[in-house]
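User: Could you walk me through this chain and tell me what stands behind each label? I'd like the cut-offs along with the values.

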Amino acid sequence: PCTAPPLRPHARTRRAPRATFAPTATVSALVRQRTWHGAHGPERTSKMFMDLWKLLTAPSDEENSSATMLWRLFAAAAFLMLYLVGFVAWRIGRPHVVKIDALQEGLYLVRKAHQYRTERKKNVLLAGSFNPIHDGHIAMLKFIAAKHCEGQVTAVVGFNPSKKYDVSPEQRVELIERACRDDPDLQNVRAKVVSGYIWRYAFANKITRMYRGIRSWEKDGAEETFLNMLNTVGPILIGMRPPIETHFLQAPSALAKISSTRVREVAQHGGAGSLEGLCPKRIEFMVLEMYGGAGHDNGNDAARGEGKSKRIRKVA
């Protein structure tokens, strides 16, 4: 009779070979197979990272444990670097720009809309030079103060200690506080002078979001992209913590032509009433006093600045 050949003794007890960690071959095969080709956007990225993580945690061969550990360390460092580069590129390449076209309509929406209720208690800041503050800054501060009506809004005046300013940062803080003092929409706004990295001040004071004011992304995009990169990479490399999100506020179209440079130029050559429509009426005299002679004499000493500040406080 026809009978099947007997099985070999070792065939029943033979174990499957243990998988070895070969990063180059395995990653190449993974790329060739295109296992995440069908996914899109975040799903594709998540699938890719999950597959790479499986490679890092695959069982290794005990005979080559030292070489395997080195490969795994190298692969983990490459994986982390790839993730950081992708995160920074995503954060910088997709800026969050908020356009404030109709101020009154925007104030109504941020006060009433349900989607903003979770953000009312957030502490935020608006960073800038405020040299000097003008109506464009006021519109942005009103928008932020209404959106975060139960939190604290800080107008941060940044400066470089190695530079000399005709109008000191402390005097600019005086202007901001005077402009916000009698405005009912700006009662949760304060001003602060900060030197160094703004993100360090934000972490120290539990700030959850940073704002920057722009005229338009076409005009200020290049400079703001560089600053956004510093605020994104700095906390990761220096602070060892995730960065704080930055939103860019585009001024209303009616105020897009107003800038601090224009206010300074008008203050140098104009008189009373010349700053109408450029800065709040309640600080017009203070701006004229501070910036009226700044363009003609760049050598203002400390004594002159202190005396000017005293006169301004007396009038205010």
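User: What makes the pair Arg282 and Asp183 a salt bridge?

Analyst: Happy to start there! A salt bridge is a side-chain nitrogen of Lys or Arg within 4 Å of a carboxyl oxygen of Asp or Glu. The closest N and O atoms of Arg282 and Asp183 are 3.4 Å apart, so the pair meets the rule. As background, this is a predicted model, in which local features need pLDDT of at least 70, side-chain atom pairs count only at pLDDT 80 or more, and totals for chains, interfaces and linings use all residues. Residues are numbered from 1 along each chain as its sequence is written, and side-chain values use heavy atoms, with hydrogens and water left out.

User: Where in the chain do Arg282 and Asp183 sit?

Analyst: Arg282 is in the loop between helix H10 (260-269) and helix H11 (284-291), while Asp183 is in the loop between helix H7 (169-181) and strand S4 (189-195). The two are 99 residues apart, and the pair links distant parts of the chain. Helices (H or I, at least four residues) and strands (E, at least two) are DSSP runs, numbered from the N terminus. Arg282 and Asp183 also belong to a network of salt bridges together with Lys142.

User: Why is Asp183 called buried, and why is Arg282 called partly exposed?

Analyst: Buried means under 20% relative accessible area, exposed over 50%, and partly exposed in between (1.4 Å probe, protein chains only). Asp183 has 7% relative accessibility, so the buried label applies. Arg282 has a relative accessible area of 31%, so its label is partly exposed.

User: How many salt bridges are there by this rule, and which residue does Arg212 pair with?

Analyst: The count comes to six. Arg212 pairs with Glu224, with 3.0 Å between the closest N and O atoms. Arg212 lies in strand S5 (residues 209-214) and Glu224 in helix H9 (residues 217-237), so this salt bridge ties together parts that are 12 residues apart in sequence. Arg212 and Glu224 are both buried.

User: What makes Asp220 and Arg215 a salt bridge, and how do their labels compare with the burial cut-offs?

Analyst: Their closest N and O atoms are 2.8 Å apart, so the distance rule is satisfied. Asp220, at a relative accessible area of 11%, is therefore buried. Arg215, at 37%, is partly exposed.

User: How do you know that strands S2 and S3 pair?

Analyst: Two strands pair if DSSP finds at least two bridges between them. Strand S2 (residues 124-128) and strand S3 (residues 153-159) have five bridges in the parallel sense, so they qualify. Among the partners, Val124 stands opposite Val153, Leu125 has Thr154 as its bridge partner, and Leu126 has Ala155. Both strands are largely enclosed by the rest of the structure, because four of the five residues of S2 and five of the seven residues of S3 are buried.

User: Which order do the strands take in the sheet, and what makes S1 and S4 edge strands?

Analyst: Six strands form an open, parallel sheet in the order S1-S6-S5-S2-S3-S4. Strand S1 (96-99) and S4 each pair on one side only, which makes them the edge strands. Neighbouring strands are turned by 30° against each other on average, direction ignored. Axes are lines fitted to C-alpha atoms, for helices over the stretch in contact, and angles run from 0 to 180 degrees between N-to-C directions.

User: Which strands does helix H6 lie across?

Analyst: Helix H6 (residues 135-147) lies across S1, S2, S3, S4, S5 and strand S6 (246-250), running at about 155° to S5. H7 also packs on the sheet, touching S3 and S4, and its direction makes about 170° with that of S4. Contact means heavy atoms within 4.5 Å.

User: What makes H11 mostly covered?

Analyst: Six of the eight residues of H11 are buried, including Met286, Leu288 and Tyr291. For the protein chain, buried residues make up 38% of the 316 residues.
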